[in-house]
Each structure stands twice: as structure tokens, then as C-alpha cells.
Amino acid sequence: MTIDFSPFVPWPVLAVLALIALLVSAIALWRGLRGATIRSLAALALLAALANPLLMQEDREPLTTIVPVVIDRSQSQQIPERIRQTDEALAALKERLARFPNIEPRYLEAKDAEEGGAPSTRLFHALEGLISDVPPSRVGGAIFVTDGEVHDVPGANQALGFDAPIHSLITGRANEFDRRIEVVRGPRFGIVNEEQQVVLRVVDDGPSPGGVAKVNVRLNGNDIATIQAVPGQETPFSFKLQRGGSNVLEFSVAGLPGEITETNNRTVHLIDGIRSNLRVLLVSGEPHAGERAWRNLLKSDASVDLVHFTILRPPEKQDGTPINELSLIQFPMRELFVEKINDFDLIIFDRYQHRNVLPILYYDYIVQYVQKGGALLIAAGPEHAGEDSIALTPLEAVLPAAPTGQMINKPFYPRLSEEGRKHPVTRGLDGSTQEPPRWGRWFRTVDVDPPQGQTVMVGADNHPLLVLNRAGEGRVAMLLSDQGWLWARGFEGGGPHVSLYRRIAHWLMKEPSLEEEALTAKASGRRLEITRQTIGGPPGEALVRYPSGRTERLALSQKEPGLFTAEKDMEEVGLFQISNGNLSTLVHVGAVDAPEFKAMISTTGPLKQIADRTRGIDQRIVDAQGAVSVPPILPVHNQVRIADNDRIQIRLTDETVLKGVNTLPLFAGFAGVGVLLLAFAAMWWREGR
């Protein structure tokens, strides 16, 4: 309650009147005039009435004390036991804080935050946002429910923004143990069939059981080695890549009894395989128009070492010219097909026919080469339908189609078959989606019996044109026409011969991106992208196994024939396993060296300094049996000056909010008139004596 003034005349005027009244009263009192005292009081009452004094009373309501409660829901807190502990602690806090009507708790569940592209636990950042609209004087304290692994703890000289205790309730048991594995360093790229080396390390957090850890190594889903690693020491591992493109090297260490989680017992390292030089052997049966198309394509690729031979003078061409006078290079049959056959990544027979240049035994060597993982391409012409066809040699054991002995001579547009629209070798060829296709015609094909494998292109009357097949561990392709050069020459607008030939060659050499049945996954930030290639029907759903162990099914939608995809932003980060049917793959979402996975055991270390500085508590709430016990709440008026290790102290605020103001004029109404009448009546009475 206070007194204020709202004068009826300006203050300067009132001051002048008061000065005059003061002088007159002083002179009257000095000279002893009758009634001077009463006149002075009457003047004072008149001046008070002109000043209009007001009695003011404020109506205030006390404000509640804000207590932010930050719940750590980061990935290290997603262990089932810690989820239970956190939920029980949160329920206990809500029940105890609800007992105090003058305390207003604010709850926030903080998940992983991105720091430099890596997920981390940033509870103080979450706290800052939770109380950003609150004056510091209203914050009575902050409570964290966490495992103690916090990565944004302020330094000793950093201001917290409020002066109140910070309490940390630590989940997890004391003396926890966790084993994890990490790749210390390794190559990002590697040359195929050359030795590579990565360095890994097994780390034991907490009391280590000691001993040697057994690490299983898988490359592209296949077990390749089991190595012994001493925890805490770097362990080198050497290996060779067997294919180009993306390779997934997976390391896993067996879980141990008592460790808190096995989610970090696996790690992957991605390596892009690079073929130093692809060695291709091209054997042309005779000079023809299409020979240059194959040669130009292979010579234009800097990564291809081409060995090309053309049979210019077969044995039947005997004209009596002495051998020493011929300028032809002798065909090095034994060197190519016996001694160095395994050095080639691909062998191409371009319109080649058996005319006793190669002994029959050498075809057996080629068959063995294919069955052991080699690649063979037959670019067939009219000779393939004749009596000297190489299909009539031991090579027939790996060929997917046998010729009928007939040629089909009629113009046609090469078209994709139903399988060809889905197969990655021919899917999406430029011009294939129109009818007729937006490319030039061909004019003859070799007629064959119903082939094995996949017929991805057809010719006149739907006869096979391009057939792909597997033989043992190797692959074979048959292009049953020698008219591809028409596309290279631009006949009727030409066609995508470069793309087609290159895809055929790379499929034969087992390029992963051209596999008919493949499941791949990649991550862009936290976005998971799944790709499924198939030449069959819809593949169904993809099963995603999260790092925490939970699973989820994602529907695969068709992007184009034979290609199905799914995308989703993932809440967790770490190593994901994706499977569909009998295919599976691994992908790491988020940064590999994220702080969130470097330590999974709970600790009271990082937050202890903050608790000591603010006179809060930093203690575990879980006993050895796993029972949760939350300390009681203790409201404290004024500042918290002494720490209490057994209770959560909350500083109560004395802040209030103004609801309204009541004013009462002291000289208003009958009271003011009465005072003035009394003053003037007393003066009149004194004058009348």
C-alpha cells in the first residue's frame, strides 16, 4: 500500500501557492496574530486538497517456481533396462513434484542431436531451449535423468544462465561393462586382387574381463577370416577385394556375459573396388564391318587393356607362299589359351568359327576358364549357323543356346523382352520405351533352340537376340546378330550400342550394380535409401533391423520395371541390417565415429563438476538389484547455500505478477469536504470570538 498524488493544478502553481501560504503563516505566527495557527492549518488542508493525495493498493499474485526436467532419450539410453529405469524415475519425479502447487515442472525428452554431423547427447542445449522464455529468477533448479554420457557440459567459466542447483539422476548400474569394436583406419579405395589392409581395435569400457577377443570378418556377406585381437591394441588385417564397385567389410566380435549391449559389437568399413586394368581378349574370325565397333568401344576405355587378334589367313588358304615371306603375325594360341588365359577378365569371340586354328583341347581350357569364374561373350554371325560353328565344339557345354543351322534374314527392330525391361543390362536403354523403339533396324539373326538363362532382347518374330546365362562360377553372353555396327554407323538414327555393349561387358565381369537380384542400401545423413533389383515379381517388404535391436518393415515401391526402392528418415544412428528374401546388406546411418557410440556405460563423471558448482546432486538412482530410488524434493526459500546429497533442493522464487491496482482519493467525497469545512469553520469560529 502506497500514497501517490494527482494534483488538480500543475506542480509549479501548487508550489507557488504553498510558498505564499508558508510566508503568510510564518509572518502571522511571528507577529502573534489571532487565529494564525488555525489559518495555517486551513491553508495546509486546502493545499492538500489541491495536491489530491491517493491511497494506492497493488493486487499481486505469487508466481510459480519453474523446474525444467530433461529426460535423456539418446541412443545410449535405448537399452531396455535403461528405458525401464528412466520411465520409473520420470514417474517418481512427476508424483513428487506434483505435491508442491507452487512448483511448475517442465518436461522435455531430449533425443540425439547433431554436432558436426555426428549424433551426440546435448542436454544443456535442450535445457536452454526449455527455459528460454523464463526469467532466470524464476528457475528454481534443473533435473537431468540420464546415463551421464553428456557431450555439451559447460566449462568451469561458462555461465549457466540462472543461479539454481542442477541435479543429475544417473541411470545404469555401477561397474557396468561393454565391449565394442571400431575401425581405426582403412583405405577408402582399393585395387581388385591387390592386398589391402585395415586396422581395427576391440575396446573394453569398464572392468575388462581380459583375454583375447575373437573377431569374425565378412566381405560382401561372405565369411573370409577369423582373427584374434587383444582388447585395447590395434590389430591389422589384410585382405583382397574380389570385385569392383562398393564392397562391405564387416567386423563382429562375440558378446560377453554381463555387457550392457551388443549393438556396438559390429562395425563396417566401405571400400570402393577399382580394377587397375581390365584385360580383354578379342578374337575376330575374319574382318567384317562390325569388328571395328567392338574394337573402338574397348580401345576408348582407358581402364581396358585390349588384346585383339583377327584371323586373316586361316589354314585352308594355302597359296604356296613361304611362311617366312608372310607379314602376318602368328596367332599365339598356347600363350593366350593355356599359359595366360586366367589373366583375362573377358574373352570375346567375334564372328569366330572353328577352322582348326584352335585345337579342340583349347576349347576345353576355355570351358574350364568360364566355370572357374571367367567371362565369355559370343558375338555371332552367319558362320555360327554353319558346319564350323563353335557351338559344335566342347564350348557347347557353357553356351546357353544351340543354333538350329538357320539364319533369319528379315528387317526388325531389336526389342526388349519382358525380362529385358527388368534386367539391369537392358533396363532403360535410351529409346526402348517407345513403339517402335527409337533406334534403327537390324536385318539378320542366328536362329537358336530355346535358350537357357535370360533372353533380354528379341529380334524378328520374337526370336532370341541377346541371351545372358551363368555357367559354374562364370558368365556367358550371346549376341545372336552381327548387325550392331549399324547403330554405330548411325543407320536410321543409330542406337545405344555403346551403352549396350558396355553393360554386357560389365555384367560379364560381375559389376555389382548390374546384378539381376541385388539388395543395396545407402545413407545420406539420417536418410536411409534401399534399392532392390529383381527380374521376378514384386519383392515384398524389406526388413530393417535397427542398431537397438528392434525391427521394422518398409514397403518397397516400384520406381521402374525391375527396380524397387524405399526411403525413410531414421531416428537411430549406427549399423542397420536390411534383408529381403534371401538377400541382406548392411549400412551405417550417421557418422561412424559418433560420440554416442564411443562410450555406452553409465557414469557420474561428466556432470559432477556442474553439480558441485551449483550445489546440486549427481548420483545413481539404481541399486545393485536394479531397483530405482529417486531422492525426495526439498523446497528452499532464498538461495541454496549448502549442498544436500540426500535431497533434491529447489530454490523457491519470490517473484509476483501484478493483477490490478486499487486507488482511493483521500480528499474526494464527503471526507475531503468535511476536512475543508472543519478547517474553515474553525477559522470562522476563532474570528468570531
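Buried means under 20% relative accessible area, exposed means over 50%, and partly exposed lies in between (1.4 Å probe, protein chains only). The model is predicted: local features need pLDDT of at least 70, side-chain atom pairs count only at pLDDT 80 or more, and totals for chains, interfaces and linings use all residues. Residues are numbered from 1 along each chain as its sequence is written, and side-chain values use heavy atoms, with hydrogens and water left out.

**Exercise 1.** Locate Val13 and classify its exposure.

Solution. Step 1: Val13 is in helix H1, residues 11-31; helices (H or I, at least four residues) and strands (E, at least two) are DSSP runs, numbered from the N terminus. Step 2: the relative accessible area of Val13 is 40%, so Val13 is partly exposed. Step 3: Val13 joins Val16, Leu17, Ile20 and Val24 in a nonpolar surface patch, with about 410 Å² of accessible area together.

**Exercise 2.** Describe the surroundings of Arg73.

Solution. Step 1: Arg73 sits in the loop between strand S3 (65-72) and helix H3 (80-97). Step 2: with a relative accessible area of 15%, Arg73 is buried. Step 3: not counting residues up to four places away in sequence, Arg73 touches several residues, among them Gln78, Ile83, Leu90 and Glu109 (contact: heavy atoms within 4.5 Å). Step 4: the side chains of Arg73 and Asp87 make a polar contact at 2.7 Å. A polar contact is a pair of N or O atoms within 3.5 Å; within protein, one must be able to donate a hydrogen and the other to accept it, and residues adjacent in sequence count only if both atoms are side-chain atoms.

**Exercise 3.** Determine how the rings of Tyr362 and Tyr365 are arranged.

Solution. Step 1: the whole structure has 11 aromatic pairs. Rings of Phe, Tyr and Trp (its six-membered ring) pair if their centres lie within 6.5 Å; planes under 30 degrees apart count as stacked, over 60 as edge-to-face and the rest as tilted. Step 2: Tyr362 and Tyr365 are 5.8 Å apart centre to centre, with 35° between the planes, so the pair is tilted. Step 3: both residues lie in helix H7 (residues 360-371), 3 residues apart, about one turn of the helix. Step 4: Tyr362 is buried at 11% relative accessibility, while Tyr365 is partly exposed at 27%.

**Exercise 4.** Place the salt bridges of Asp147, Asp461 and Arg470 in the chain.

Solution. Step 1: a salt bridge is a side-chain nitrogen of Lys or Arg within 4 Å of a carboxyl oxygen of Asp or Glu, and the structure holds 40 of them. Step 2: Asp147 and Arg82 meet at 3.1 Å, N to O. This pair links distant parts of the chain, 65 residues apart: Asp147 in the loop between strand S7 (142-146) and strand S8 (166-170), Arg82 in helix H3. Both residues are buried. Step 3: Asp461 pairs with Lys410, the closest N and O atoms being 3.1 Å apart. Asp461 is exposed at 56%, and Lys410 is partly exposed at 34%. Step 4: Arg470 pairs with Glu515, at 3.0 Å between the closest N and O atoms. Arg470 lies in strand S25 and Glu515 in the loop between helix H10 (497-508) and strand S27 (518-524), so the pair ties together parts 45 residues apart in sequence.

Key: Patch = residues over 30% accessible without salt bridge, like charges linked within 9 Å, V, L, I, M, F, W, Y side chains within 5 Å. Areas by Shrake-Rupley, 256 points an atom, 1.4 Å probe, with all protein chains shown as cover.
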